[in-house]
Amino acid sequence: MIAYRVLPRRQPIKIQCIRFYSPDIGGKFTGAGRFVKVKPVTNLRTSTAADFFTSPNSKLQSLVWRNPLQNVLVTKKPWTPTTREAMVKFITHLHESYPEINVIVQPDVAEEISKDFKAAVHEDPNRPHLLFTGTEEDIATRTDLLVTLGGDGTILHSVSMFGDKMAPPVLAFSLGTLGFLLPFDFKEHEKVFEQVISSRAKCLHRTRLQCHVVRNGNSTPIVAHAMNDIFLHRGNSPHLTNLDIFIDGEYLTRTTADGVTLSTPTGSTAYSLSAGGAIVSPLVPSILLTPICPRSLSFRPLILPHSSYIKIKVGTKMNMNKANHIVKLSIDGIPQEDLEAGDEIHVINEVGTIYIDGTQFPIAAKKQDAVKAGANGKAQEKEAVKRSGIYCVAKTENDWIKGINELLGFNSSFRFIHRENNESKKDDDQE
């Protein structure tokens, strides 16, 4: 008889790979240029919140720093020469004009721009350009101000990094394709940043939506935030979606459509507009519900109060198999895990939701409501409103009107063709 020794099952080894820097070697950047030094962002203090004050003579809010601004996160549209050059120029300006400012970048950006600096700060060999980088979690907890170089998509991607944390004020420079959120040209960056750091800038407050995803009746929903929109759609399925929509606990309708989008006023010029929704000023507190290619002509877009609580449940049909019940979910253009029959999303504004008696809502929303109802509830609720949404540095109260005129060509007339010019051109061609 041969005895066999049973070996223990080999366990997988978890290896954490830090691609661009390592705190163990003092934050030295493996691919850094000679004029750049990269350190871990964990060396910096945690973020400090700005204050925002309203004025009876302005629709915007004044941005005031209680503590000096120190940590600035600079993001850009990836791998484009224009934004790359602009970022190097902007960071150089910060290092030379504001030595107290700590510049934070994402790891892939640090790799991309590290060799683009052609000289040290003020050409002093003992003063390299110092960049801080790390994980998204570490960056989010240490950022005082977010500066974006690109288009609207760059802002959405950058803001999503902060999740359910309070997002810092956003200073956006137009270097992308679309610019509804971009009041400033990059040529103004020195002047505008000086206004921001000296507490002389104005901000427009943009609301965000909370999306609570409940799968298979799970009592703990997954919570995500949307600055633009949340949309459910059929994806590559040949079948229309069947979604049961409830508003404040009351059944509204079942969709037979390609999908439906829920958007903030900021997102009203995005997918919702393409689907036939209204253009809404970001100052209007509301939630837009817009069907995407509905079968019924009577299914029209709705503008709901911002206090509304919306529940959407994926429905079923008897003659459809399970594979055809799958619905795609996207939040601010980022695909999420697919929804199946019976799954639900609960959508509310970050603050201000009013729950009517008898309505059911996710655990996370109950906790939020319990905080407001507790001791000092009104003071906490007021502070929650102040800390919610996204504060975007604005140029004037009319940035939105200028945007829809210049970018959308709002109510543009037909182009007039001069017949005389065309006839003379025909005569020349004949000759």
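# Briefing: helix α4, two nonpolar cores and a helix pair

The buried residues of helix α4 pack against four strands, namely β4 (71-76), β7 (145-150), β8 (170-174) and β22 (390-394). This is a predicted model, in which local features need pLDDT of at least 70 and side-chain atom pairs count only at pLDDT 80 or more, whereas totals for chains, interfaces and linings use all residues. Residues are numbered from 1 along each chain as its sequence is written, and side-chain values use heavy atoms, with hydrogens and water left out.

**Overall make-up**

- The secondary structure comes to 10 helices and 22 strands, both taken as DSSP runs numbered from the N terminus (H or I and at least four residues for a helix, E and at least two for a strand).
- Of the 431 residues of the protein, 46% count as buried, a word that stands for under 20% relative accessible area, with exposed meaning over 50% and partly exposed in between (1.4 Å probe, protein chains only).
- Among contacts (heavy atoms within 4.5 Å) with a separation of 6 or more, 70% join residues that are 24 or more positions apart.

**Helix α4 and its surroundings**

- Helix α4 covers residues 152-160, and its buried residues are D152, T154, I155, L156, S158 and V159.
- T75, which has its place in strand β4, counts as buried because its relative accessibility is 1%.
- Leaving out residues up to four places away in sequence, T75 touches T154 and S158, and also M87, Q106, L146, V147, T148 and L149.
- M166 lies in the loop between α4 and β8, and with a relative accessibility of 32% M166 counts as partly exposed.
- Beyond the residues up to four places away in sequence, M166 touches A49 and R387; M166 and R387 are 221 residues apart in sequence, yet 6.2 Å apart in space from C-alpha to C-alpha.
- N228 sits in the loop between β12 (222-226) and β13 (229-233), and N228 is buried, its relative accessible area being 11%.
- With residues up to four places away in sequence set aside, N228 touches L156, S263, T264, T266, G267, A270 and D332.

**Nonpolar cores**

- The largest nonpolar core (buried Ala, Val, Leu, Ile, Met, Phe, Trp, Tyr and Cys residues joined through side-chain atoms within 4.5 Å) has 39 residues, and those with the most contacts inside it are L145, V147, L171, F173 and F193.
- Helix α1, residues 81-97, supplies the largest share of this core, with six residues.
- Apart from this core lies another one, of 25 residues, which includes L209, L232, L262 and V347.
- F193 is in contact with L69, V72, F90, L94, Y98, L145 and L171, once its neighbours within four places in sequence are left aside.

**The pair α1 and α5**

- The axes of α1 and helix α5 (residues 189-197) come within 11 Å and cross at roughly 50°, where axes are lines fitted to C-alpha atoms over the stretch in contact and angles run from 0 to 180 degrees between N-to-C directions.
- α1 and α5 are therefore oblique to each other, oblique being what remains once angles under 35 degrees (roughly parallel), over 145 (roughly antiparallel) and 65 to 115 (roughly perpendicular) are taken out.
- The contact is made by K89, F90, H93 and L94 on the side of α1, and by H189, E190 and F193 on the side of α5.
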